[in-house]
Amino acid sequence: MLGIYKQEAYERHLRFQRDADPTWGRKITALPGCEGILTCMQCGTCSAACPLSVYMDYTPRRIIATVREGFREDVLRSQTIWLCASCYACRVRCPREINITDVMYALKREAIRNRMYPPHFPIPILARAFFDMVKRRGRSTEFWLVLRMALRSNPLILLGMAKTGWHLWRTGRLSLGYEKIRGVGELQKALASPREEV
Ligand code: SF4
Ligand code: SF4
């Protein structure tokens, strides 16, 4: 039984060189903060230092290797880039001084731009909904933000939040109305100005 399970796991993760897009890999390594990827010696120190690597589908070391080879789909659909807490533990210990945290940020931006996310994973959906709401109104409203995230990922998570939400609303700490700043047009102009091209 275990043998079958292991075989399925291998089949799921097996990749061939023909699936890679080295051009994409080169584009990422040319981004500010990502230049060091090419000097990685795959020592694994970053994965050992990362407090969240046990929860990641690709450890930081594997992310670096997978980007370098150009496996775009695997990288952008991985949960790792969204689980990264930007603690810089990997960056501090990397013997090649590679900015792994900046690489994670660059990959998040790339994933958002291409709308490629791990399926049913709430964090990128929350990030996208937050950005859209702030862009439209200048402020985020927690109730609608969480509702949007849940409806687009897994509505069942609302069941676990209902009691807390009810208490927050009863004590006046949860607003159901949309909030908006004055002069939101100025903010929209600022957000529409220079965009990083990949
Ligand atoms: S610690 Fe640095 S050199 Fe070692 S695997 Fe991680 S990124 Fe590569
Ligand atoms: S910055 Fe991200 S990848 Fe690096 S150690 Fe912290 S959580 Fe892990």
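**Notebook: T59, two ligand shells and a core**

I started at T59, which counts as partly exposed because it has 19 C-beta neighbours inside 10 Å. Buried would take 20 or more, and exposed 12 or fewer, so with its 19 neighbours T59 falls in between. Note to self: this is a predicted model.

Where does T59 lie? I found T59 in the loop between helix 3 and helix 4. I then looked up what T59 touches, leaving out residues up to four places away in sequence, and got S47 and S53. I also checked T59 against A48: the two are 11 residues apart along the chain, and their C-alpha atoms are separated by 9.0 Å.

**Whole chain**

I stepped back to the overall fold. I get 12 helices and zero strands for the protein, so the pattern I wrote down along the sequence is simply α-α-α-α-α-α-α-α-α-α-α-α. How many of the 198 residues count as buried? The share I noted is 21%. I looked at contacts too: among those in the protein with a separation of 6 or more, residues 24 or more positions apart account for 66%.

**Ligand 1**

Which residues are closest to ligand 1? I listed C40, C43, T45, C46 and C94 as the closest of the 14 residues that surround ligand 1. Helix 3 (45-49) and helix 4 (60-69) are the elements that give two or more residues to this shell. By class, I sorted the shell around ligand 1 into nine nonpolar, three polar and two charged residues.

**Ligand 2**

I did the lookup for ligand 2 next. There are 14 residues around ligand 2, and C50, C84, C87, A89 and C90 come nearest. Helix 7 (89-93) and helix 8 each supply at least two residues of the shell. Which helix gives the largest share of the shell around ligand 2? I have helix 8 down for that, with three residues. For the classes around ligand 2 I wrote 12 nonpolar, two polar and no charged.

**Core**

A general reminder I jotted down: in soluble globular proteins, nonpolar side chains tend to be buried together. I pulled up the largest nonpolar core here, which has 26 residues; I37, I64, I100, V103 and L107 touch the most other members. The elements that give two or more residues to this core are helix 4, helix 5 (72-76), helix 6 (80-83), helix 7 and helix 8. Helix 8 gives the most to this core, with six residues.

I picked I64 for a closer look. Not counting residues up to four places away in sequence, I64 touches I37, C40, I100 and V103. C40 turned up earlier in my list for ligand 1, among the closest residues.

**Odd backbone angles**

Most residues other than glycine have a negative phi, so I went looking for exceptions. Q42 is not a glycine, yet its phi is positive, about 55°. I placed Q42 in the loop between helix 2 (22-29) and helix 3. Is Q42 buried or exposed? I have Q42 as exposed, because it has 12 C-beta neighbours inside 10 Å.

R115 is also not a glycine and has a positive phi of about 50°. I see R115 in the loop between helix 8 (100-114) and helix 9 (122-137). R115 has 9 other C-beta atoms within 10 Å, so I marked R115 as exposed.

How values were computed: Residues are numbered from 1 along each chain as its sequence is written. Chains are lettered from A and ligands numbered from 1 in the order in which they are written. This is a predicted model: local features need pLDDT of at least 70, side-chain atom pairs count only at pLDDT 80 or more; totals for chains, interfaces and linings use all residues. A residue is near a molecule or strand if its C-beta atom, placed from the backbone, lies within 6 Å of it. Helices (H or I, at least four residues) and strands (E, at least two) are DSSP runs, numbered from the N terminus. Ala, Val, Leu, Ile, Met, Phe, Trp, Tyr, Cys and Pro count as nonpolar, Asp, Glu, Lys and Arg as charged, and the others, Gly among them, as polar. Two residues are in contact if their C-beta atoms, placed from the backbone, lie within 7 Å. A nonpolar core is a set of buried Ala, Val, Leu, Ile, Met, Phe, Trp, Tyr and Cys residues joined through C-beta atoms within 7 Å.
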